[in-house]
Amino acid sequence: MVVVQMLSQFTREFWTKCVKEDKHRPDGRALLEYRNIGLNIGTLSHCDGSAVVKLGSSIAVCGVKSELLTSIQQVDKLKMTVFTAYHHDHTTDSLCTERLNALFKQSPVVDTDQLWVIPDKMCWILYVDCISLTPSMSFDACILATTAALRNAQLPTIKVNSDGVPEVTNRSKTYLSLSSFPLSVTMAVIDHIIIVDPSQEELKICSDTVCIKSFPLGSISIEGTSSDNDDIEKCMQAAPKLFLTLKALLNSVCGHC
């Protein structure tokens, strides 16, 4: 136990020295530099839209599936869930699903009126499932994957035949119309120094974490453990440039969507 505590203290002191005095992190990144980010879309052929995000060692996969419903009364036309593939931490899954729903439904990102095929009679319902393929779930990766998958999603065209019966055709598809492209940026605080996209090691030694989420019309939402106003202000100042980095990646990959 003593050895573990000594190693923990040594790690904290080493990390703190790196970020505070040397202005870089042990993995070579600058304080406000992301790990390598990879984004691919349309990789899941059985989905109407999909995306895979690799953020450092974290991998998130999101798929969007559509279903045509009739005899509609009140229906939630956008259902979102988050799963972890490597462990069954239902508390973590539920929390991430709640956060994901809050970001995408409160905005709202998808105008559900476009999902009506015949008003009050027939509509599309979207199932959006995001899965973390690594034990170290990155909420930022999940958000980016979900946004990219929705931007990649296409719905089949519906035609009404001579008998008044709607028919689905896969020959012609239409991209979803999104009102905005939500993103999130997670930052950690180490001795009042702000770093972005913290690794698992950095999360273990940081004093606080702050997650800043973007909404339509430039509005943002903040959640986290920091109660220090100066630290939160530093995160707020850093966020716009970080969002531009993520938006540039999203636009370069999904520009046609």
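**Close-up views of a predicted model**

**View 1. The loop that follows helix α1.** K23 belongs to the loop that runs between α1 and β1, the latter covering residues 37–41. Like everything in these legends, this residue comes from a predicted model. The backbone is worth a look here: K23 is not a glycine, yet its phi is positive, at about 60 degrees. Is K23 buried, partly exposed or exposed? With a relative accessible area of 48%, K23 counts as partly exposed.

**View 2. H192, in the loop between β9 and β10.** Strand β9 spans 184–190 and strand β10 spans 193–196, and H192 is found in the loop between them. H192 has a phi near 65 degrees, a positive value in a residue other than glycine. Its relative accessible area is 39%, so H192 is classed as partly exposed.

**View 3. V19 and its contacts from elsewhere in the chain.** Helix α1, made of residues 2–22, contains V19. V19 is buried because its relative accessible area is 0%, while the cut-off for buried is under 20%. Which residues does V19 contact, once neighbours within four places in sequence are left aside? The partners are H24, R25, L31, I190, I193 and I195. Take I195 as one of them: V19 and I195 lie 176 residues apart along the chain, and their C-alpha atoms are separated by 8.3 Å.

**View 4. E223 on strand β12.** Strand β12 covers residues 220–224, and E223 is part of it. E223 has a relative accessible area of 27%, which means that it is partly exposed. Not counting residues up to four places away in sequence, E223 touches R99, T209, V210, C211 and K213. For a sense of spacing, look at E223 and I212: eleven residues apart in sequence, these two have C-alpha atoms 6.6 Å apart in space.

**View 5. A charge over a ring: R151 and F181.** In this view, the charged end of R151 sits over the ring of F181, at 4.2 Å from the ring centre. How many aromatic pairs turn up in a search of the whole structure? The search finds zero.

**View 6. The cavity and its lining.** One cavity of 30 Å³ or more is present in the structure, and the largest cavity holds about 30 Å³ of space. Which residues line the largest cavity? The lining is made up of I37, V53, L55, D140, A141, L144 and L246. Sorted by character, six of these lining residues are nonpolar, one is charged and none is polar. Two elements, β2 (49–55) and α3 (139–152), each supply at least two residues of the lining. Helix α3 gives the most, with three residues.

**View 7. Stepping back to the whole chain.** To place the close-ups, it helps to know that the protein chain has five helices and twelve strands. Of its 257 residues, 45% count as buried; V19 from View 3 is a buried residue. Among contacts between residues at least 6 apart in sequence, 65% join residues at least 24 apart.

Key
Residues numbered from 1 in each chain as written. Predicted model: local features only at pLDDT ≥ 70, side-chain atom pairs only at ≥ 80, totals over all residues. Heavy atoms only, no water. 1 Å grid on protein atoms, 1.4 Å probe; cavity = no way out; pocket = protein on both sides within 12 Å on 5 of 7 lines; lining within 4 Å. Points joined across faces, edges and corners; volume = space filled by probe spheres on them. Helix = DSSP H or I, 4+ residues; strand = E, 2+ residues; numbered from the N terminus. Nonpolar A, V, L, I, M, F, W, Y, C, P; charged D, E, K, R; others polar. Buried < 20%, exposed > 50% of the residue type's maximum accessible area, 1.4 Å probe, protein only. Contact = heavy atoms within 4.5 Å. Phe/Tyr/Trp six-rings, centres within 6.5 Å; stacked < 30°, edge-to-face > 60°. Lys NZ or Arg CZ within 6 Å of the ring centre and 35° of its normal.
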